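Biologist: Got a minute to walk me through one helix? I'll put the model up first.

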Amino acid sequence: MSQLIVENLSHTIGAKTLFKEIAFTITSGEKVGLIGINGTGKSTLLSILAGLDDADSITMEHPNDYRIVYLPQEPEVDPELTVLETVFKSDAPLIQMNLAYEYAVQALTEDPANEENQKQFEIVQNKMDTNGGWDLNSQARTILTRLGITTFDKKMGELSGGQQKRVALAKVLIEPSDLLLLDEPTNHLDVESITWLQDYLMNEQAAVIFVTHDRYFLDAVSTHIYELADQQLYAHAGNYGDFIEAKALREEMQAATESKLQNRFRAELKWIKRGARARSTKQKARIGRFEELKEQVKKDNVNDEMDANLKTTRLGRKVIEATNLSKSFGDKKIIDNFSCLLQSGDRIAIVGPNGVGKTTLLNLFSGEITSDTGELEIGSTVKIAHFHQHIPKMDDHKRMIEYIRETSNDIEDANGQRISASQMLERFLFPSRVHGTLIEKLSGGERKRLYLLKLLMEQPNVLLLDEPTNDLDIETLSILEDFIETFPGVVLTISHDRFFLDRTSSKLWILDGTGKVIIQDGIYTDYLETLNQPEEIPEKAQEVAPERVKKTVPKKRMSYMEKKEWDTIELEIETVETKIEEIEAEMESAGADYDKLRELTIQLEEKTAEYERLFERWSYLQELQENM
């Protein structure tokens, strides 16, 4: 079992520090999902570990023969090499032997009568027999096939960008490695290939660090989550679901604390409004605590999440109607007599294997291509925004703020507030200090987020999204999903991200490659499950009648026991307040000790409930006192 120990890793690009003195240890068999918003340095970290980028400082400890293999987000390939030549291009002896075998086969095929070719083929064939090279050769062909590459002698320059990425993925998967670094390996893969890769990596003996936006994939494969944020790396044991649960627990605790803080603030405010007289030390201390609580509540109400709450153009009754649309390229029928009626609120996922015409169908609706036959009617109020899989080329020498101002420098949000271009950038997680940054300095994900902002600022009412999840970080995707849920118009989405489709669509257009488009209600994961088993019908939830709350009618006069209680209740409130403060301080110092945090949360809830009960009792007794 081998380990890689990384310490004191720091890296700065220009004036931006990506990470500062981070450290981690990864062991054979561990699968680490690396997450963080775009621009935090995920790809840069992998590149540094692969030895392609220099860090400002780093200490790496590992065995002498430790081997790191890296798949970049945009791999470079030699367009003149064939698929198999690319896969077998390596310094590993067994892989070099396979490449020599492929060359020997090629030479013998071209000139079978050549004795030198025959002799060379026999030599290499014997080496393959002796050293077990056939297993690797078979493995390479199997992996390529499972990734959708079936023509092994085709030159790389003849492949699409997505196909090139899949060949590069196959290459790193057959490489002997102790640590496998994968940057967005699921990009350009269909669901079947993603599922296969998911199973493959789960059984991989080497350590793996991977970046992906696919949350189902991340959850299935990862044994640990590394989160890059605030120039630091935070390590979490468990898969993505465990990470989300722990994060939700932490935020729930924080929210619970803030909620209790708000309740205490309201209680203190009630005291102040009742005219607490500042004549005693005790009352002065209470007013002091009120001021502290007021400032804390203000601080906790600061919102630093991405806000996509933009106004949209009104959509009329008529949206888009397609009648008998057909489209062919040469002899290949892509769309065959497709008809549909889009209505406001439609959320449609366009699904199917790679190459069946999903993007073609979307381009028909955007008007970028025209159908061979059929009719497409678009309502007069329809305003379409088309998010392309490959974003349009940006002027690298233009600054972010200039790029956004091309659309507008003044826009209205859903609440009717006027917002400047600078404020819009801040809402999309671009702080004011980076608004002057040149586009050439942005990461791929940051460019996509900027492009998304520009599209949404045009206030469309029909969104056409072609692979929007590629290169976007999970946090941005979550906000986009929330936006789509409340978007009043129509959304058509192409994506291989099952999680994203499940959240953003309720209807499927299923393409099978014959030109037919099947329309089906439901979410994507349910559809995938029905391919193997019947869909289960959930039981109807039972309605629960709301509980009646009895109103308490206050007494008009204070009894003897109530007078005694009135004399001591303020001290009891202060005692409980002190205990709450002690528990909150313990929670802050508990860190990632979730068992301790759960225990403290229960104590906090109990004491807060006691505090609220005492304060309500104090309010009641004060009314009686005033009546006297």
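What follows is a chat about one helix and its surroundings.

Modeller: Sure. This is a predicted model, with local features needing pLDDT of at least 70, side-chain atom pairs counting only at pLDDT 80 or more, and totals for chains, interfaces and linings using all residues. Residues are numbered from 1 along each chain as its sequence is written, and side-chain values use heavy atoms, with hydrogens and water left out.

Biologist: OK, which residues of α4 are buried?

Modeller: Asn 117, Phe 121, Val 124 and Met 128, where buried means under 20% relative accessible area and exposed over 50% (1.4 Å probe, protein chains only). They cover an arc of only 75 degrees around the axis (taken from the directions from the helix axis to the C-beta atoms), so they sit on the same side of α4.

Biologist: Why would they line up like that?

Modeller: An α-helix has 3.6 residues a turn, so residues three or four places apart point the same way.

Biologist: And what's exposed on the other side of α4?

Modeller: Glu 115, Glu 116, Lys 119 and Thr 130.

Biologist: What do the buried ones pack against?

Modeller: The buried residues of α4 pack against α3 (93–110) and α5 (133–146).

Biologist: At what angle do α4 and α5 pack?

Modeller: About 95 degrees, with their axes 6 Å apart. That makes α4 roughly perpendicular to α5, a label that covers 65 to 115 degrees.

Biologist: Switching topic, what comes right after α4?

Modeller: Gly 132, and its phi is positive, near 70 degrees.

Definitions and conventions: Helices (H or I, at least four residues) and strands (E, at least two) are DSSP runs, numbered from the N terminus. Contact means heavy atoms within 4.5 Å. Axes are lines fitted to C-alpha atoms, for helices over the stretch in contact, and angles run from 0 to 180 degrees between N-to-C directions. Angles under 35 degrees count as roughly parallel, over 145 as roughly antiparallel, 65 to 115 as roughly perpendicular and the rest as oblique.
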